[in-house]
Amino acid sequence: MSEPAPSPGTPSWDALLTQCGLPRLDARALLEHASGKRREWLLAHGDDPAAASVIDAFNALAERRRAGEPLAYLLRFREFHGLRFVVSRDVLVPRPETEGLVDAALEHLADTVRPRLLDLGTGSGAVAITLAVLRPDAQVVATDASSHALTVAQDNARALGATGITWRLGDWFAALAPDEPPFDLVVSNPPYLACDDPHLSDPALRHEPQMALVSGAHGMEAIGTIANHAPARLRAGGWLMLEHGATQGAAARDCLQRAGFTAIETRTDLQGLERVTLGRRPLAPDNPSRSQGVV
Ligand SMILES: C[S@@+](CC[C@H](N)C(=O)[O-])C[C@H]1O[C@@H](n2cnc3c(N)ncnc32)[C@H](O)[C@@H]1O
């Protein structure tokens, strides 16, 4: 259906961008989304009057953005490790820092054939699905305590062609069947903010699920639980990798040490902040040859 002729005073496409009070990149992304027009088209037609049918939709999105709603929720997707993930308010918006967790996992699995991977608290599925796409020989199990999050993750897996992931609903390792074979690698980006963390009042975080963000009085509850229970689910020589807050490196190393892990180290993100701590379940001292795979 063609647009009605613009009435006098209709703003141009460029005027919508400049008058909305948002940073240019955000405004442009929202205008592309609201109009269905590509960036090149909007650049070429910047002085033309905007389509009446788009103006209200764009202004409504811009208002939500000004109020702090994450851009990803407004656009309904976020790029992660080169893949496009649909997101809703049921899941954390995948963060660039978490790509470091995926990179560490890929590095440690480089020599392992048909690795068995577990992603705890999968949210949108960003970690599990990226690993499944980049390591199609892997057997991936992904869990979450939110059934809504698992629905989003399963939809993303279908859209990205990551078939063969097993999805489990439940509280950390309790989501797994008791006879689940051991894993080569357990990864998690668990919630790690303290319940009174001042960042929780940031407009952006207010829109994300609390259960994806908050973990007890000090933010370390989930990390401690996962570290304590991981050895029982890892093969001897298998790895645990946990994302955490930039100031939680020492506490995370301590959790892994107390849970009996060795070769503990913390990786930094692109800003040099401590972000991912990993450790290895020791080889069985009595019979090291029983460990499987290459580590
Ligand atoms: C920080 S988000 C990470 C989401 C996703 N892995 C990512 O990196 O974008 C933490 C996830 O853990 C899930 N979660 C919180 N408590 C949990 C629990 N007790 N057992 C399993 N999953 C839990 C949340 O629902 C959320 O999806």
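## Ligand contacts

An oxygen atom of the ligand lies 3.5 Å from a polar backbone atom of Gly123. The structure is a predicted model. Two further polar contacts involve nitrogen atoms of the ligand. At Gly121, a backbone N or O atom is 2.9 Å from a ligand nitrogen. At Asp171, an N or O atom of the side chain is 2.6 Å from a nitrogen atom of the ligand.

How much of the ligand does the protein bury? On its own, the ligand exposes 590 Å². The protein buries 93% of that area.

## The surrounding shell

The ligand is surrounded by 16 residues. Gly121, Asp144, Asp171, Trp172 and Asn189 are the closest. Gly121 and Asp171 thus appear in this group and also make the polar contacts described above.

What is the make-up of the shell? Eight of its residues are nonpolar, six are polar and two are charged. As for location, the ligand sits in the largest pocket.

## Domains

The assignment for the protein chain lists two ranges. Domain 1 covers 13-67. Domain 2 covers 91-290. Their centres, taken over C-alpha atoms, are 38 Å apart. The contact residues Gly121, Gly123 and Asp171 carry numbers within the domain 2 range.

## Internal cavity

How many cavities of 30 Å³ or more does the whole structure hold? The search finds one. The largest cavity has about 40 Å³ of space. Its lining consists of His108, Leu109, Thr112, Asp184, Leu185, Arg235 and Trp239.

Methods:
Residues are numbered from 1 along each chain as its sequence is written. This is a predicted model: local features need pLDDT of at least 70, side-chain atom pairs count only at pLDDT 80 or more; totals for chains, interfaces and linings use all residues. Side-chain values use heavy atoms; hydrogens and water are left out. A residue is near a molecule or strand if one of its heavy atoms lies within 4 Å of it. A polar contact is a pair of N or O atoms within 3.5 Å; within protein, one must be able to donate a hydrogen and the other to accept it, and residues adjacent in sequence count only if both atoms are side-chain atoms. Accessible areas come from the Shrake-Rupley method with a 1.4 Å probe; for residues, only the protein chains shown count as cover. On a 1 Å grid over the protein atoms alone, a cavity is a set of points where a 1.4 Å probe fits but cannot get out, and a pocket is an open set with protein on both sides within 12 Å along at least five of seven lines; lining residues have an atom within 4 Å of a point. A molecule sits in a cavity or pocket if more than half of its atoms lie within 2 Å of its grid points. Ala, Val, Leu, Ile, Met, Phe, Trp, Tyr, Cys and Pro count as nonpolar, Asp, Glu, Lys and Arg as charged, and the others, Gly among them, as polar. Domain bounds come from an automatic or database domain assignment. Grid points are joined across faces, edges and corners, and a volume is the space filled by probe spheres set on the points.
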